[in-house]
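Me: Please take a close look at the contact surfaces between the chains of this assembly. I would like one connected account, written for someone who works at the bench.

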Protein chains: 4
Amino acid sequence: MTGSTFGRCFSITTWGESHGKAVGVIVDGVPSGIMLDDLDVQKMLDRRRPGTSRFSTARQESDTVSILSGVFEGRTTGTPISLMVNNSDHRSADYSAIKDIFRPGHADYTYLAKYGIRDYRGGGRSSGRETIGRVAAGAIASKLLEQLGISICAYTRSIGNITVSDVDFDEISKNPLYMPDEKAAREAAEYIDSVMKEGDSVGGVVECVVNNLPAGLGDPVFSRLDANLAAAMLSIGASKGFEIGDGFAAASLKGSEDNDEFSGNGGTVKKLSNHSGGVLGGISDGSDLVFRVAFKPTPSISREQNTVSTSGEDRRISIKGRHDPVIVPRAVVVVEAMAAIVICDALLSNVTSRMEYIRQIYER
Amino acid sequence: MTGSTFGRCFSITTWGESHGKAVGVIVDGVPSGIMLDDLDVQKMLDRRRPGTSRFSTARQESDTVSILSGVFEGRTTGTPISLMVNNSDHRSADYSAIKDIFRPGHADYTYLAKYGIRDYRGGGRSSGRETIGRVAAGAIASKLLEQLGISICAYTRSIGNITVSDVDFDEISKNPLYMPDEKAAREAAEYIDSVMKEGDSVGGVVECVVNNLPAGLGDPVFSRLDANLAAAMLSIGASKGFEIGDGFAAASLKGSEDNDEFSGNGGTVKKLSNHSGGVLGGISDGSDLVFRVAFKPTPSISREQNTVSTSGEDRRISIKGRHDPVIVPRAVVVVEAMAAIVICDALLSNVTSRMEYIRQIYER
Amino acid sequence: MTGSTFGRCFSITTWGESHGKAVGVIVDGVPSGIMLDDLDVQKMLDRRRPGTSRFSTARQESDTVSILSGVFEGRTTGTPISLMVNNSDHRSADYSAIKDIFRPGHADYTYLAKYGIRDYRGGGRSSGRETIGRVAAGAIASKLLEQLGISICAYTRSIGNITVSDVDFDEISKNPLYMPDEKAAREAAEYIDSVMKEGDSVGGVVECVVNNLPAGLGDPVFSRLDANLAAAMLSIGASKGFEIGDGFAAASLKGSEDNDEFSGNGGTVKKLSNHSGGVLGGISDGSDLVFRVAFKPTPSISREQNTVSTSGEDRRISIKGRHDPVIVPRAVVVVEAMAAIVICDALLSNVTSRMEYIRQIYER
Amino acid sequence: MTGSTFGRCFSITTWGESHGKAVGVIVDGVPSGIMLDDLDVQKMLDRRRPGTSRFSTARQESDTVSILSGVFEGRTTGTPISLMVNNSDHRSADYSAIKDIFRPGHADYTYLAKYGIRDYRGGGRSSGRETIGRVAAGAIASKLLEQLGISICAYTRSIGNITVSDVDFDEISKNPLYMPDEKAAREAAEYIDSVMKEGDSVGGVVECVVNNLPAGLGDPVFSRLDANLAAAMLSIGASKGFEIGDGFAAASLKGSEDNDEFSGNGGTVKKLSNHSGGVLGGISDGSDLVFRVAFKPTPSISREQNTVSTSGEDRRISIKGRHDPVIVPRAVVVVEAMAAIVICDALLSNVTSRMEYIRQIYER
């Protein structure tokens, strides 16, 4: 499996660069018989589209998706689904200034070090536009999960040092920062405004909650549900950390504080708390899955920085153009999409875990 | 690739349960011509062996490794290397008490939920003994890296709330907690002692530093070096979080604080700081790789907890027997081993990234 | 790795159905720095295009390929290359007659049995149009091999019972059956004409020769070069057999007849014959690679056949419309493409087989 | 996935060399709840053991298998199953004569060309002993298939030019050549005897039939059931060809001869013939699976042959020692084992092909 493919049973292969002709994804392993149309995908894609608030790049792209294969008469057929979005708004000219220079915090230097050649236009393959394929694929995964009653919700947990106090799911879509707390959202907006004036940018944390997941998902020992989630989340550009349940805070706790006690109320096993974040031994434990992803501040800032040219000469750089002062709100839907993909994969993989399941399928 | 296999070019497949006949690993994709003997592996294995301090289980196992294949006349042959350690110290009797009960914080419940059957002896497959295979494989990976001048060093960064102030690499092996700071190690030991008296346990954070890594490792977009490290680290039992470079702290920084400026001193590109932790866009950037893994407190505690039996009845449990009050010191070598495996895999994978490299091999 | 992806280091993912909007392929793992433009791919694609002789379907499609990603300023960048061909000549009406019926020798029944739903238009995913993606990917693989002086040539070895006597490589492109023997090509053409009059179809054998392959390619024991070729060839629709070197004839030989003796002429090891077909123990032996693929007759025939409807009623069917009376000539370029892909993958994979190669790359 | 691993959902990893300490296999992805003990595996292994007739090597090895993990209280647990057989009968001395020489028809030259180092003792990794792991894994696969009523039977179809006329399944185990035709078996035995006197060896063809396979197995387009079988069969040492159904003979047939007509007798779709060999479009069609594998003559012969030394000098070689004059009878069980593995993998993979199957598992 090469670097552009992710997933074992439900797998996605993304392709495309920021300023190429198009970006897209192939989703393979989708079970047949799921109702699916362009709109299902478009709705999720619209949540990551730029240009929707003053906190995101003014770059205007309609990002209209086409389903090119794998769907017939409104249903998935079991064959690979190809999804494509054209890159309508090429402004290659914007990037000629940075053609021969490494932008700090970007992948300019490392792509050149690796490949000896670099598509310098807008980050090329390392651009946020690559996530279009992920979100499109995530829309399909979400459709599948929906049919089993599983729902996923991601939101901004913090911007800079401003962290949400309460989580009101209804609030999330009401503010441009996708925070579930109106007051925090307001403060964060003010903070971003002040930082923008300095020509600077900010980071934040995305939290994601998955409801109604059955116990038993995740394959020991390397395809643990949390390990696959961690890989998925760290594969998103600008992410710097992943934690599940108590996460890093668990390191400071005692066993008696971090363990979740069990209760057998009414015959069903229930955990009395959820410090684990829904995973024990890498397998879902029937509680909500709760994890967080840290995103660094947008590296593109207009404040002057020291850097070097591709030929090794010292330079000063001030990055102009259309850039998000904070990447977090647009990363929310990407986190949600990748979570849906990981969970779909784990669900499909899990149906081969017991002989009794296999018999159920073949003894019809 | 099923759940017990990890890695694309340099791959490991671990097998074995806590109380089965043996545990082991198959390492495939090892290049031919590397000097290797049992002792190379044994040395690394001895670092994870239990019973070496008052902070680790009294369970005495010699954990002697045998290389069963893939090495001929002292050198690797390019064929799979099978490594095995017998489980000498079976004490299945210890576990009969927990046969019908779910230990809080353990994978007892989830394994049963997934498979409908559970090897209840000592955690079975979810036991820490599974890491023997990882460490043995890591020893081989380390040998390979050593030949390219790459070195890896992991250590305990914090125990509970006690965090190291300075990092003195020479100190690490001098204290049983593998902390690089003598004072912190002393305080942590006292803290653990006090917690042990309460029948409780503690967590902590392991930090890992990789020196001398060439720029260019990691395959966008899903096999990013940081994504693969995250997967590897979260696949270790009891780990709850992963961060690289500034990690979660980056979420509170501004772009101007988190970006690493470049300098072209003497023609070679150099970063003036290392907030990135050695990775930009998922590709190594030539700086030290620096990442951290959070471990929860050992779930086995003698303090009484609420739980349920496998038939759903409420119970009280107090876990007796030989258990580490803190898992962190023994996890240090596992983190190091998994890091070595991930980096080896990335190194081998990277040699196919440029046509110019391919020509170099075939135009001999 | 799901069913639409093939290859470990050099991997292809094909997508698309006969009567969908388009068909295409993602090629990932292509080393950077290879000169590549649309024309390189178009030339190879033109060799599989229908409508070029009286022996192929009259369906007229221009099959113009677009490279959508992975190439910048005329060179591959190391990122995934997306190639697409629009399905311009939709004639869905043609297929309404077979909507509710299983065509003998086709995959109609099995797709429905597997997925419970079937895109009945022109075979859907099992259509020969799926091979467009393979040929496009093969063009890229061929470019890479060309740079190392490796060349691949496939041709029709037999049609029905007419087998080529001599192999004149210059003749291949001169006749519409791609046979390397003018006389055999003439006889075969007459034979096909006579069979077409009966409303019937014929099969044949494709042979493929690879020159100048270095010894050492292929990864024991399951990724043997011959095993990977066999998988690739049997993955082509209508193929029913694969053999390498003496193939099935070897089963009737004695060891003294089938073994290739070695000679050390001038220091270099040389085989004195090539019964092995270029592979020993699954690893290339420095001789020409020679293998054959058997193709069954085109299943679409106008002669009436017994069959059943999707609801299980007995029916008679006579398949009208545009169909090749023989699939072999158009399969020639597909065999060549898949061979190029397998060999590329083996070449790239092989560079990790020796520590000495790894050192060569990193000790620059 | 590296070269020693095979299979996606049901996967095997073999390890070990002819004269190392042991050989073995890890079987991962085995569903939990299958009854399994050492004897199940031993019975199948005993069928490949050498020294059971005058047509197989006199090398005496008991080949006793141990299950080291993955089974608890007589049932599979869903965790990886490690199986090992010690190499009890080391006679390394036998091989010192061929240490510096390439045996014609063997992999001596190619392993050295690939790895620059070679375990010259008894073929090392390319030895037939590697198949012990495959057969052991095949025994587990067969247990699973048995529970679904699927049975596999392989036998010798031809030795040299002697081909079976009738197929009497009861006869197979009654003769040392595993031929299903007493008369052919007698003639073949005489033929082998005569060839042995000349110091030579013979080849043959193995045929394999799978009964009661459900329609729907195999994943288009690259994991087609026939493609996976072809890969599996060509991965067996000394195999030179694979064909399914009419195979190479189909190339000489007309469509009207090779197509299988359908009949809807009693509502169920039935094929009226089985030219396809049980696969249409790479997916099982509900008929018996029928395929054949060609094996070359044993390359080790006592007749003198020309060869070269590892330093390139011309030499004459006459291979002494214990060698099978024909590899075919011992390959029969290996073919059966690999078929079982491929079919298991396809069965497990198929349960994710429909949303309706997924619902069946999760809507308990």
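Reply: In this assembly, 100% of the interface residues of chain B are also interface residues in chain D, so the copies meet through the same surface. The model is a predicted one, and the account below should be read accordingly.

The contact between these two chains takes 40 residues from chain B and 40 residues from chain D. About 3,200 Å² is buried between chain B and chain D, and carbon and sulfur atoms give 61% of that area. On the side of chain B, the residues that lose the most area to chain D are Thr2(B), Phe72(B) and Ile117(B), which together account for 19% of what that side buries.

As for polar interactions, the rule finds zero salt bridges across the interface of chain B and chain D. It does find 14 residue pairs in polar contact across this interface, with both residues at pLDDT 80 or more. Several elements of chain B give two or more residues to the side that touches chain D: the strands β2 (11-16), β3 (22-28), β6 (75-76) and β7 (81-86), and the helix α2 (108-115). Of these, β2(B) gives the most, with five residues. By class, the residues of chain B on this side divide into 14 nonpolar, 16 polar and 10 charged.

The geometry of the pair can be stated precisely. A turn of 180 degrees with a shift of 0.0 Å along the axis lays chain B on chain D with an RMSD of 0.0 Å. That is the relation of a two-fold axis. Within chain B, Met1(B) has the C-alpha nearest the axis, 3.3 Å from it.

Chain D also meets chain C. Here 108 residues of chain D are in contact with 108 residues of chain C. The two chains bury about 8,200 Å² between them, with 58% of it on carbon and sulfur atoms. In chain D, the residues that lose the most area to chain C are Lys114(D), Phe222(D) and Lys240(D), together 11% of what that side buries.

Across the interface of chain D and chain C the rule finds four salt bridges. One residue already named takes part in a salt bridge: the side chain of Lys114(D) meets that of Asp219(C), at 3.3 Å from N to O. In addition, 53 residue pairs are in polar contact across the interface of chain D and chain C, both residues being at pLDDT 80 or more. Helix α2 (residues 108-115) of chain D gives the most to the side that touches chain C, with seven residues. By class, that side of chain D has 46 nonpolar, 39 polar and 23 charged residues.

Strand pairing also joins these two chains. Strand β11 (residues 239-244) of chain C and strand β11 (residues 239-244) of chain D run antiparallel and are joined by three bridges. Within this pairing, Glu243(C) has Gly241(D) in β11(D) as its bridge partner.

Chains A and B share a sheet in which the β11 strands are again neighbours. It is an open sheet of 10 strands with antiparallel pairing, in the order β9(A)-β8(A)-β10(A)-β16(A)-β11(A)-β11(B)-β16(B)-β10(B)-β8(B)-β9(B). At its edges stand β9 (162-163) of chain A and β9 (162-163) of chain B, each with a single partner strand, so one side of each is left without a neighbour in the sheet. Inside chain B, five bridges join strand β11 (residues 239-244) to strand β16 (residues 289-295), and the two run antiparallel. Ile244(B) has Phe291(B) as its bridge partner in β16(B).

Some backbone details of chains A and B complete the account. The peptide bond from Pro220(A) to Val221(A) is cis, with omega near -5 degrees. Val221(A) lies in the loop between β10 (204-211) and α5 (225-234) of chain A. In chain B, the peptide bond from Pro220(B) to Val221(B) is cis as well, with omega near 0 degrees, and Val221(B) is found in the loop between β10 (204-211) and α5 (225-234) of that chain. Finally, Asp63(A), a residue other than glycine, has a positive phi, near 50 degrees. Asp63(A) lies in the loop between α1 (38-46) and β4 (65-67) of chain A.

Terms used
Residues are numbered from 1 along each chain as its sequence is written. Chains are lettered from A and ligands numbered from 1 in the order in which they are written. This is a predicted model: local features need pLDDT of at least 70, side-chain atom pairs count only at pLDDT 80 or more; totals for chains, interfaces and linings use all residues. Side-chain values use heavy atoms; hydrogens and water are left out. Contact means heavy atoms within 4.5 Å. Buried area is the accessible area (1.4 Å probe) that two parts lose on being put together, summed over both. A polar contact is a pair of N or O atoms within 3.5 Å; within protein, one must be able to donate a hydrogen and the other to accept it, and residues adjacent in sequence count only if both atoms are side-chain atoms. Helices (H or I, at least four residues) and strands (E, at least two) are DSSP runs, numbered from the N terminus. Ala, Val, Leu, Ile, Met, Phe, Trp, Tyr, Cys and Pro count as nonpolar, Asp, Glu, Lys and Arg as charged, and the others, Gly among them, as polar. Copies are superposed by least squares on the C-alpha atoms of residues with pLDDT of at least 70 in both. Two strands pair if DSSP finds at least two bridges between them.
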